[in-house]
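Hello,

Here is the structure I promised to pass on to you. Have a look at it first, and then read on for what I found in it.

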Amino acid sequence: MTEIPIDGARGTVELRHGVLHVRWIPDLAICEEAAVAVMSAVNELSRGRSFPMLVDMAATASMSRGARRVFARPSTVAKVALLGSSPVDRAIANFFLGLHAPAAPTRYFTCAKEAIRWLKDA
């Protein structure tokens, strides 16, 4: 397992069992700068290889338009599972998915086991 902080103490990115795990700090308003920082950490860990990614967005406060644009760009990420637990999490995920066509297949989950299963399903 390898874990690195997201620049600005916004959370962590960890490569565990072939899956990138992104954990944001609670109540974070994800701005464009935070999105660029997390993708930089993802690129550092993946070193050009393609991995699925689990994003724990529970307790995320909001996501800016600039952040949504960053997350919609092509990257080395193979699939993205957005993991949330509240109606706010679901609303943020649905808003992102409704406005942008992510470069990688992306789905919202409330169960980590289901999300991991989907990510690992070829």
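Two strands are taken to pair if DSSP finds at least two bridges between them. With that in hand, β2 and strand β3 (residues 19–24) pair in the antiparallel sense, over six bridges. Please keep in mind throughout that this is a predicted model.

**The chain as a whole**

The chain holds four helices and eight strands. Read from the N terminus, its elements follow the order β-β-β-β-α-β-β-α-β-α-β-α. For 122 residues, a compact globule would have a radius of gyration near 14 Å, and the chain agrees with that at 13 Å. Along the principal axes, the C-alpha atoms fill a box of roughly 30 × 30 × 25 Å.

Of the 122 residues, 46% count as buried. The chain exposes about 6500 Å², and carbon and sulfur atoms supply 54% of that area. If you look at contacts between residues at least 6 apart in sequence, 73% of them join residues at least 24 apart. As for charges, there are 15 positive and 11 negative side chains, and the centres of the two sets lie 6 Å apart.

**The strands at the start of the chain**

Back to β2, which covers residues 11–16. Five of its six residues are buried, so the strand is largely enclosed by the rest of the structure. Besides β3, β2 is joined to strand β1 (residues 2–6), again antiparallel, by five bridges.

Both pairings are hairpins. Between β1 and β2 there are four residues, and Gly8 in that turn has a positive phi of about 90°. Between β2 and β3 there are two residues, and in this hairpin His17 takes a positive phi near 55°.

Which residue of β2 is the bridge partner of Thr2? It is Leu15, and Leu15 also stands opposite Leu20 in β3. Thr2 itself sits in strand β1 and is partly exposed, with a relative accessible area of 42%. Not counting residues up to four places away in sequence, Thr2 touches Val13, Glu14, Leu15 and Leu45. Met63 lies 61 residues from Thr2 in sequence, and their C-alpha atoms are 26 Å apart.

**Two positive phi values in loops**

Two residues other than glycine caught my eye for their backbone angles. Asp27 has a positive phi of about 65°; it lies in the loop between β3 and β4 and is exposed, with a relative accessible area of 62%. Arg47 has a positive phi near 50°. Its place is in the loop between α1 and β5, and at 70% relative accessibility Arg47 counts as exposed.

Asp27 also turns up among the contacts of Ala61. Leaving out residues up to four places away in sequence, Ala61 touches Asp27, Leu28, Ala29, Val88 and Ile92. Ala61 is found in the loop between β5 (51–56) and β6. Its relative accessible area is 41%, so Ala61 is partly exposed. From Ala61 to Arg16 the C-alpha distance is 26 Å, with their positions 45 residues apart along the chain.

**A buried aspartate and a covered helix**

Is Asp89, in helix α3, buried or exposed? The cut-off for buried is under 20% relative accessible area, so Asp89, at 1%, counts as buried. Leaving aside its neighbours within four places in sequence, Asp89 is in contact with Met57, Ala58, Ala59, Thr60, Gly84 and Tyr108. Another aspartate, Asp56, is 33 residues away along the chain, and the C-alpha atoms of Asp89 and Asp56 are separated by 9.7 Å.

Helix α2 (residues 65–72) has its own set of buried residues: Gly66, Ala67, Arg68, Val70 and Ala72. What covers them includes β4 (29–30), α1 (32–46), β6 (62–63) and α3 (87–99). Helix α3, where Asp89 is found, is thus part of the cover over the buried residues of α2.

If you open the model, I would begin with β2 and its two hairpins, and then go on to Asp89 and helix α2.

Best wishes

Key. Residues are numbered from 1 along each chain as its sequence is written. This is a predicted model: local features need pLDDT of at least 70, side-chain atom pairs count only at pLDDT 80 or more; totals for chains, interfaces and linings use all residues. Side-chain values use heavy atoms; hydrogens and water are left out. The radius of gyration is taken over C-alpha atoms; the globule rule is 2.2 Å times the number of residues to the power 0.38. Buried means under 20% relative accessible area, exposed over 50%, partly exposed in between (1.4 Å probe, protein chains only). Contact means heavy atoms within 4.5 Å. Accessible areas come from the Shrake-Rupley method with a 1.4 Å probe; for residues, only the protein chains shown count as cover. Lys and Arg count as positive and Asp and Glu as negative; His and the chain ends are not counted. The place of a charge is taken as NZ of Lys, CZ of Arg, CG of Asp or CD of Glu.
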